[in-house]
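Subject: Structure for you to look over

Dear colleague,

I am handing over the structure we talked about, and below it you will find what turned up when I went through it. Please read the notes with the model open beside you.

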Amino acid sequence: MSTYQKFPSTVIEGGVLKKGWPAILQEIKREGRENIIAIECYTGIHYQEVMSTMRELPHQLFVDTRDLFKSKEAVEEMTSTFMTDDALFGYMSNLSIADYFDREKLSEIKKRIAEARENGNVILFGAGATLVADPDLLIYADMPRWEIQQRMRRQQVNGLGVDDSKVPFSIQYKRGLFIDWRVLDKHKKGLYSRVDYWLDTVSEPKLIDKKTFHAAMEKICRIPFRVVPFFDPAPWGGQWMKEVCGLDRSVANYGWCFDCVPEENSLLLQIDGEIFEMPSVNLVYTKSRELLGEPVEARFGKDFPIRFDFLDTIDGGNLSLQVHPHIEFARENFGLHYTQEESYYIVDAREDSTVYLGVKSGIDPEAMIGDLRKAQQEGTTFDAEKYVNIVPAKKHDHFLIPSGTIHCSGKDTVVLEISATPNLYTFKLWDWGRLGLDGKPRPINIDRGEKVINWQRDTEFIKRELVNCFQEVATGDGWKEEKTGLHENQFIETRRHTFEKPVTHHTGNSVNVLCLVEGDEVVVESPTGDFEPYLVHYAETFIIPAAVKEYRIRPYGKSEGKTCMTVKATVRY
């Protein structure tokens, strides 16, 4: 039976939570005696439902900020530079929410607000509500990105200032990633100290007050915690996660488990027996120094730079043959200040498991690109074995993949992908002639890929610098620490601890991200009693904020007296 916890939460003592629309409206009425009430909204909420509910509050004037935006055509024109003509890739927007407003409409409504507030409440609803008037009471209707994506797939939500619910999911997601989420996150960062209530409408609506919100952020930035993992099928997906993570067996496969992508994961607060869900990025934005560590914050700002996810191909197929761009290409073409650097740590494997890594020594690059184009254009097969190294993979191997290195996991393998956070920036070179889950060909990016392939990453290079570069760095009573990577070109440091007895860790002024890759369960403890013992099960990824400083991990329960193993990632500086 699976022990993997799919809905980890943090208990917040003494918090205030209101559940259900009647209780929420009653609370707002109680606090809304001053007469300008603003409800700021993230994209992805069920807009009409929430707006209709807020209209039930007593008011003299109700303002929907969408009515004050520029026309949808004007918004599409304004954002076209960032959407680009590409089917998959855009450019990171530098727009602000103020850019969406029509100045004349905004000027006119300000006059109406000044008149209406003399006779009763004014309610401002929607993104940018606080730009319309300075509110006496501010509510934020938040939404995690993973839930937004599910609603996009169901064609239930629109992007910021546009009607795009019926366009393909990939286009909706591109607008969200490159434009909407950047615009709204920039705006939200300036509101944290002003918000009086936070609204969760992922399922049954719930409301918490600002004291509860900030108490939660203050607690979580100083203790071990997990974000809520999410799972997705894939054309190459496997069956391992169904068993290990306790997933729905009726689903054809699961390819991905995103167990640490704070930009998209949720954070669950347990308040008086109820669960309140919010984007985990709220913690990054409000407590970046405590969470990331001062040197990491100085380099990455309020970005969480480490990502852990599983790739499951047990009884599945090969991933697409792919390459990630180097930093110069990522900066010039997508507006990124760092790129997707990664590695494959093998969590489980069968006898025939392999990893494709780097080009074979002595190959002709032009011939390889020509064969890739021919396979794509003519629907023929690309002979990957002719050009790419195929390396046997066994459990607990570690393959390093600096940008520019051709790679993919083979079938019958479970990979813990440890990488820099930026997502989507994968240039597929060959996808084995298969279709995506939507029955359509998946986007191939040979034109971009050939510009970033590092042809020096050949057979000799990968054997010397990218495959199982283990180095023992410390030992103690019942434990061993090994350096396992990443490559010197990459900013993430990884360490593996093998232990039968307690082992002490230090955060080193960087956020620590760990996964239990061997053993049933372990406990994370504070040597000084600064936090309650935290239980971790096999395959769970957990985060240790930099502010924790020192912590201890020991085998627990079924794992007592047995060998356990963790893989830990930190940021080099």
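A539 is buried, with a relative accessible area of 0%, and its place is in the loop between β28 (534-537) and β29 (541-544). Although A539 is not a glycine, it has a positive phi of about 75°. Please keep in mind throughout that this is a predicted model.

A second residue with a backbone angle of this kind is D412, which is not a glycine either and whose phi is positive, near 60°. D412 sits in the loop between β19 (407-409) and β20 (413-420), and with a relative accessibility of 8% it counts as buried, because that value is under the 20% cut-off.

The salt bridges deserve a longer look, as the structure holds 41 of them. One of these joins the side chains of D196 and K210, with N and O 3.6 Å apart. This pair links distant parts of the chain, since D196 belongs to the loop between α7 and β7 (197-200) while K210 belongs to helix α8 (residues 210-220), and the two are 14 residues apart. The partners are not covered alike: D196 counts as buried at 17% relative accessibility, whereas K210 counts as partly exposed at 40%.

Another salt bridge is formed by the side chains of R222 and E290, at 3.9 Å from N to O. Here too distant parts of the chain are linked, with R222 in the loop between α8 and β9 (230-232), E290 in helix α11 (residues 288-292), and the two positions 68 residues apart. R222 is partly exposed, its relative accessible area being 38%, and E290 is likewise partly exposed, with 22%.

E465 and R464 form a salt bridge as well, and their closest N and O atoms are 3.5 Å apart. E465 counts as partly exposed at 21% relative accessibility, while R464, with a relative accessible area of 52%, is exposed. Elsewhere, salt bridges that share partners join D315, R350, D352, K411 and D412 into one network, and you will recognise D412 there as the residue with the positive phi near 60°.

Turning to the helices, which residues of α2 are buried? In that helix (residues 47-54), the buried residues are Y47, V50, M51, T53 and M54. Viewed down the axis of α2, these buried residues fall within an arc of 160°, so they line one face of the helix.

Helix α3 (residues 72-83) can be described in a similar way, with V75, M78, T79, F82 and M83 buried. They cover an arc of only 145° around the axis, and therefore lie on the same side of α3. The face turned away from that buried side carries E73, E77 and T81, which are exposed.

On the surface, R182, K186, K189 and K302 gather in a patch of positive charge. K186, one of these residues, is found in helix α7 (residues 169-189). With a relative accessible area of 39%, K186 is partly exposed, and it can belong to the patch because residues there need over 30%.

Finally, two pairs of positions may help you to find your way along the chain. V359 and N454 are 95 residues apart in sequence, and their C-alpha atoms are 8.8 Å apart in space. V359 has its place in strand β16 (residues 354-359), and at 2% relative accessibility it counts as buried. For D102 and K411, the separation is 309 residues in sequence and 53 Å in space, again from C-alpha to C-alpha. D102 lies in the loop between α3 and α4 (103-116) and counts as partly exposed at 24% relative accessibility, while K411 is one of the residues in the salt-bridge network described above.

With best wishes

Methods: Residues are numbered from 1 along each chain as its sequence is written. This is a predicted model: local features need pLDDT of at least 70, side-chain atom pairs count only at pLDDT 80 or more; totals for chains, interfaces and linings use all residues. Side-chain values use heavy atoms; hydrogens and water are left out. Patches are made of residues with over 30% relative accessible area and no salt bridge: like charges are joined within 9 Å, nonpolar side chains (Val, Leu, Ile, Met, Phe, Trp, Tyr) within 5 Å. Accessible areas come from the Shrake-Rupley method with a 1.4 Å probe; for residues, only the protein chains shown count as cover. A salt bridge is a side-chain nitrogen of Lys or Arg within 4 Å of a carboxyl oxygen of Asp or Glu. Lys and Arg count as positive and Asp and Glu as negative; His and the chain ends are not counted. The place of a charge is taken as NZ of Lys, CZ of Arg, CG of Asp or CD of Glu. Helices (H or I, at least four residues) and strands (E, at least two) are DSSP runs, numbered from the N terminus. Buried means under 20% relative accessible area, exposed over 50%, partly exposed in between (1.4 Å probe, protein chains only). The arc is that of the directions from the helix axis to the C-beta atoms.
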